[in-house]
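Work through these exercises with the structure open beside you. Try each task before reading its solution.

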Amino acid sequence: MRRRRTSSTWQRFALGLPYAWLLAFFLVPFLIVLKISLSQTAVAQPPYTPVLDVLAGWPGLKAFFAALSFDNYRLLATDSLYLLSYVKSIEIAAFSTLILLLIGYPIAYAIARAPRRWQPALVLLVVLPFWTSLLIRIYAWMNILQREGPLNNVLTALNVVSEPPAWLASDTAIFIGVVYSYLPFMVLPLYATLEKLDESLMEAAADLGAPRWKIFWLVTLPLSSSGMLAGVLLCFIPIVGEFVIPDLLGGSQSPMIGQTIWMEFFSNRDWPVASAVAVVLVCLLVTPLIIYQHQAMRLIERD
Amino acid sequence: MRRLSGVNISALVLGMAFLYLPIAVLVIYSFNASRLVAVWGGWSTRWYAELLNDRPLIEAATVSLRLAVAAATVATILGTLAALALARFGRFRGRLPFAAMIYAPLVMPEVITGLSLLLLFVTIAVDRGFWTVAIAHTTTAMCFVTVIVQSRLSDLDISLEEAAADLGASPSRTFLAVTLPLIAPAIAAAWMLAFALSLDDLVIASFTTGPGTTTLPIRIYSEVRLGVKPEMNAVCTIMVAVVGVAVIIASGLAKLSAGRGEAAR
Amino acid sequence: MTKRFGLQAVVDQLSLDIYEGEFFALLGPSGCGKTTLLRLIAGFERPDLGHILLDGVDLAPVLPYRRPVNMMFQSYALFPHLSVEANIAFGLKQDRLSRREIATRVADMLAMLRLEGLGRRKPHELSGGQRQRVALARSLVKRPRVLLLDEPMAALDKKLRTDTQFELMALQRTLNLTFIIVTHDQSEAMTVADRIAVMDRGRLVQVAPPAEIYERPRSRWVADFIGDINLFQGRLGDDRLGVEGTPAGNLYAASKPDADSGTVVWLAVRPEKIRISREAPVPEVANCTSATVVDIGYLGGMSIYKLRIRDGSTVRAALANAGGAERPIGLDEQVWLSFPPQAATVLAY
């Protein structure tokens, strides 16, 4: 029933509408960012130059392209502020993704091994925080990590520390915030893969004499690799560009790249530089993005 | 009958505690009579009362709700169409780039999508405000809707639709009488997710909004970036309660319809 | 008709006539194209070449929801969100029949297929056999010109399967419809069908009534695919009735094959046609040889004997366990095998 030589009008409409929307509101904006990254700031509305004047005809077009330049990229390459920001973002993303994997795997595994009746409820419990605003959840951590906050109260009460430390405005706080917010993104794909695992494979390994840890290491872990990859990609890529978490929990000395873009845009009003930073960020993420798309394609082709 | 090992149980308990303690702390402190966190002043609802007087906050909440309903509805329609195309239209030309455009926004950092959409609106000289934010939210939400509905569609036995055709139903009748009822729970869940995403979004709204349109997250953010505020605790508790109740109701509904919708095999 | 998936011809220049009122079976190993052929008739696949003529009208360009053909799916494909009655009424609603007419017809179907009282239930509340009957009712209620059945009994257990086979045959005769059934189970095809089309790799190998396919297979492949067969290779004699030089000596059939004398042929004989005796049969009887019993499979109603003949090859014989005074043949016994020429067929390929 799915083979057809000509698509009906209904199908062309069903496909065309979302396609056109995405082209207009996802693809075209990217091209515009690219163009703006090649422009200069101007004290004007819009605050950049050159502006393409479609009515100016061919000479207008030539003038437009002549005014584009890579100056902004040169700035990025030379000013260490940006370099540090990129490096820091990738560092934090990589490290927190690792922590997420180490924390998320046991949770996903435990849910997958729980009695079937409980699993939907357990999954719901893991996902429920995700439905509340990220802002709220980070703000909750601001409450806890304050110098006079409950965490320090507990620590001083247990005599773990003598002097309540400052948790906020530090990289540690960022890690806590990131891991807390992205945990569902790691647990869900892991759980989806682990839940589909054929238990008889592990039983066969036990029957052949393998101890529990070996079964896990040689059978369960390799078979869950696609879930791990999905979780890693779903976390790493967006964490690199995070803004809210480092802004509310982190210090102002070394901003992450999301903060840098925000600052360039809203504080410095330098749209072209902000665009250039964004373009470089996308380029940095290209490799994991391609891996991610490849995995997503596999998922679709499966049908 | 599976039994959970001790290791697994402790993993679950620790995990859940980690996830819920901060929210619990937030809720508790929203009832703290004292303004200072270090001091517990007893139970009080004064911050909730003060909320009622906070006009800008209530206005922002109204804006956010209207925005969320609009964006969720349009996103659900577009996303369902896209899911149909991906799951049922075979290998049409342009399928790969289409799927790429659906999956990319799911992971793209929000500063990038926000920035790019703002630059689009500036380029076409559109006044930024309610509708630009609505368009932005619709664009990101629609991708989530597509993934959810498409997953449900591909789980649906295609012989059900073939049987409908075999019995004389044209493609549109098949869709309305067979496909739609069976994917309805997924569509509802997707609408709710789109609603929540729009309600919670800070970054994209900040980029694409205009003067006069302040969303709730933008308002909250401008308050909290200067430090913890007890009124904010109250707002957040309310939002958590609303979402919690909604999700529980939704999953209850989902369980009901799953009983009637699932496999007659 | 030809249908290709990629470069592979799944249905390969296949031509077939099916008569009105027939119970026709498509039989073959998995991958032979029988299900594809069924789906071509239903309209879910389009042929690359060829036509499907129903009453002289070519169905190939007609979309499935406009064909006067209905299908019963292997998975039953019952709409899970509709009741039994709504499922059965579905096709009638597409034809825009009056509500009274629909109700009457649905009630008739429920009665005919012993589904009374189950009308309000949902599919997941029914047993496997009940679901199958609902699927059947749903596809029959529209009184199609042809009913297609895609492995309808694959999900049933053996006892239910046999009962259902007879029910289907009775239904088909009562309603006088044309049924086309796809199955990989040869005993099922033999039981229900008026004629069987045996398919292999997209082509028809033999189309004939069950008895003819069993007793007069066209090729070694068909002979071996249906039931069990013993094959003795040799050369066709001058009179073209005898096969010379087989491991069991010179053997004779009663009908002449379509081949020249001297070519390599095989004499085929079914296990139940072979007689085992302790004493050598009278010399004038053709087709006999000595053998040793190497294995016995006891099946209750009959026993399958595996015997080794002179040159070491195996022959299988089946004997009914009819009771009787004689001591049954046992392992390692030296015996004589014989069969009449009328029981044998000579196969040239």
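**Exercise 1. The contact between chains B and A**

How many residues of chain B are in contact with how many residues of chain A? Then find the helix of chain B that gives the largest share, and sort the chain B side by class.

Solution. Note at the outset that this is a predicted model. Step one is the count: 71 residues of chain B are in contact with 79 residues of chain A. Step two is the source. Helix α1 (residues 6–30) of chain B supplies the largest share of the chain B side, with 11 residues. Step three is the class. That side holds 54 nonpolar, 10 polar and seven charged residues.

**Exercise 2. The contact between chains B and C**

Which elements of chain B give two or more residues to the side that touches chain C? Begin with the size of the contact.

Solution. Chain B brings 21 residues to this contact and chain C brings 22 residues. Two or more residues come from each of α7 (158–166), α8 (171–200) and α11 (230–261) of chain B. The largest share, six residues, belongs to α7(B). Now sort the chain B side by class: 10 residues are nonpolar, four are polar and seven are charged.

**Exercise 3. Two chain profiles**

What helix and strand counts do chain B and chain C have? Add the box and the buried share for each chain.

Solution. Take chain B first. Chain B has 11 helices and zero strands. Its C-alpha atoms fill a box of roughly 70 × 65 × 30 Å along the principal axes. Of its 265 residues, 50% count as buried. Look at its contacts with a separation of 6 or more: 78% of them are between residues 24 or more positions apart.

Now chain C. Chain C has eight helices and 20 strands. Its C-alpha box is roughly 75 × 50 × 35 Å along the principal axes. Buried residues are 37% of its 349 residues. Among its contacts between residues at least 6 apart in sequence, 63% join residues at least 24 apart.

**Exercise 4. The domains of chain C**

Where do the two domains of chain C lie, and what distance separates their centres?

Solution. Read the bounds from the domain assignment: domain 1 covers 3–215 and domain 2 covers 228–347. Then take the centres over C-alpha atoms. They are 40 Å apart.

**Exercise 5. Strand β14 of chain C and its partners**

Is strand β14 (residues 264–269) of chain C mostly covered or mostly uncovered? Trace its pairings with β11(C) and β20(C) too.

Solution. Five of the six residues of β14(C) are buried, so the strand is mostly covered. Next, the first pairing. Strand β11 (residues 230–236) of chain C pairs with β14(C) in the antiparallel sense over six bridges. Within it, Q233(C) has W266(C) as its bridge partner in β14(C). Then turn to β20 (residues 344–347) of chain C. This strand and β14(C) are antiparallel, with four bridges. Here A268(C) stands opposite T345(C).

**Exercise 6. Both faces of a strand**

Which residues of strand β6 (residues 69–72) of chain C lie on each side? Name a residue pair that links β6(C) to β7(C).

Solution. Start from the general rule. In a regular strand, side chains alternate between the two faces of the sheet. In β6(C), V69(C) and M71(C) are on one side, and N70(C) and M72(C) are on the other. All four are buried, and both faces are covered. Four bridges join β6(C) to strand β7 (residues 146–150) of chain C, and the two run parallel. One pair is M72(C) opposite L149(C).

**Exercise 7. A bent helix**

Where does helix α5(A) bend, and by how much?

Solution. Helix α5 (residues 119–131) of chain A has 13 residues. Its first and last C-alpha atoms are 19 Å apart, close to the 18 Å expected. The bend is about 30° at L125(A), and the proline P129(A) follows within four residues. The buried residues of α5(A) are L122(A), V123(A), V126(A), P129(A), F130(A) and W131(A).

**Exercise 8. Positive phi**

Is N176(C) buried or exposed, and why? Treat R240(C) likewise.

Solution. N176(C) is not a glycine, yet has a positive phi of about 55°. It sits in the loop between α5 (158–175) and β8 (178–183) of chain C. N176(C) counts as exposed because it has 8 C-beta neighbours inside 10 Å. R240(C), also not a glycine, has a positive phi of about 60°. Its loop lies between β11 and β12 (242–246) of chain C. R240(C) is partly exposed because 19 other C-beta atoms lie within 10 Å.

Note on methods
Residues are numbered from 1 along each chain as its sequence is written. Chains are lettered from A and ligands numbered from 1 in the order in which they are written. This is a predicted model: local features need pLDDT of at least 70, side-chain atom pairs count only at pLDDT 80 or more; totals for chains, interfaces and linings use all residues. Two residues are in contact if their C-beta atoms, placed from the backbone, lie within 7 Å. Ala, Val, Leu, Ile, Met, Phe, Trp, Tyr, Cys and Pro count as nonpolar, Asp, Glu, Lys and Arg as charged, and the others, Gly among them, as polar. A residue is buried if 20 or more other C-beta atoms lie within 10 Å of its own, exposed if 12 or fewer, and partly exposed in between; C-beta atoms are placed from the backbone. Two strands pair if DSSP finds at least two bridges between them. Domain bounds come from an automatic or database domain assignment. The expected span of a helix is 1.5 Å times one less than its number of residues. The bend at a residue is the angle between axes fitted to the seven residues ending there and the seven starting there.
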